[in-house]
Amino acid sequence: MKKRVIIFLITLMMAVPFAAQSKEKPIILRFAHQNPESGLSSVKASEPWLRQIEEATGGKVKIQSFYGQTLAKGKDMWEATKLGITDIGWCFHGYWPGMTPVTDVISLPAMPFTTAEKGSETLWKLYEKFPEIQNEFKDVKVLLFYTSPPYTLITVNKPVKSMADLKGMKIRMTGGPPTEMVKALGGVPMLIPMPDNYISLQKGVIDGMGAPWEAIHVWRFYEVAKYYTEVPFPAVYFSLVMNKAKWNSLPKDVQEAIMSVSGEAGSKFWGRNFFDEMRAVGLEKVKEAGNAENIFSLSAEERQKWIDVGGEPIWQKWVKDMEAKGVVNAQEILDTTLQLGQE
């Protein structure tokens, strides 16, 4: 009898830690995103990645998602993440021209990469290599970066087949090098948040915009834009960042688990799923709208003209601007970007 009691007590003592562990509450992390939850980019990119985090942490982390600007506006996301309004923020850096000027190298026009996956890989490697880029993100914890492919020019009332066609047109473009390119080509750059562009195109506030095929589909621009031209426009870039204090509060094993699905692998995942796999869907929507014959590419001669006027001069201006700010290795950063982008 006594032996049975001892065995029972030992069994009970062993069970207590497991019982406590099973009742341990998961760490809740809030995730804020500008785009709608039902959008294909959210379904294909953000939701699978969030589930990857939960799985990698063995359920120790649960993500509470806030889509459609319900927790923070897209243009406010950087500050919202720094202040802890959200734990993880989806940040589109085109909203904040001049805030991360060294990182802007990836959004110079006519970069050699043609897919978002390659652009995303390139940007992560630049971040790992250059302290000058790391310093621009010192106030947050960077989980990953990703880029768009080079933007397509979409217009409402007239096609653009040459630089002359673009002259004087009001074109929505993001801040930094993309804005500089539009100016150099003779257009009038307009800075408008993505959610406001549909009505801006519809009401003639802008004549056109640079947009990836993902946005053409998600924001239904195919309903208001008639013409589509593939031009040597820049790509744009995004970051998934975390509040630094929140990150530092996480156990080391949780941090390592999160980064196992972030970093370079996560960057490539977002680029591929958010943008590259959306191209065919966007093209199909344009064709369904009856504008299949309005998709154009510049002639080789015309494309080179755009690069000569609005491409390489912007590269050199960026180098000079960065050197003036004390970034003595700006040319090396540009050369590395060009090299990584075409490998």
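**A walk from the whole protein to Asn273**

The protein carries 40 positive and 39 negative side chains, and the centres of these two sets are 7 Å apart. Here Lys and Arg count as positive, Asp and Glu as negative, with His and the chain ends not counted; each charge is placed at NZ of Lys, CZ of Arg, CG of Asp or CD of Glu. What you have above is a predicted model, in which local features need pLDDT of at least 70 and side-chain atom pairs count only at pLDDT 80 or more, while totals for chains, interfaces and linings use all residues. Residues are numbered from 1 along each chain as its sequence is written, and side-chain values use heavy atoms, leaving out hydrogens and water.

Let's take in the overall build. The protein has 16 helices and 11 strands, which are DSSP runs (H or I, at least four residues, for helices; E, at least two, for strands) numbered from the N terminus. Along the principal axes, its C-alpha atoms fill a box of roughly 100 × 50 × 35 Å. Of the 343 residues, 52% are buried, meaning under 20% relative accessible area with a 1.4 Å probe, protein chains only; exposed is over 50%, and partly exposed lies in between.

Now zoom in on helix H12, which spans residues 263–275 and holds Asn273. Asn273 counts as buried because its relative accessibility is 9%. A polar atom of the Asn273 side chain lies 2.8 Å from the backbone oxygen of Phe269. Setting aside residues up to four places away in sequence, Asn273 touches Lys44, Ala45 and Met278, where contact means heavy atoms within 4.5 Å.

Terms used: Polar contact = N/O pair within 3.5 Å; in protein donor to acceptor, adjacent residues only side chain to side chain.
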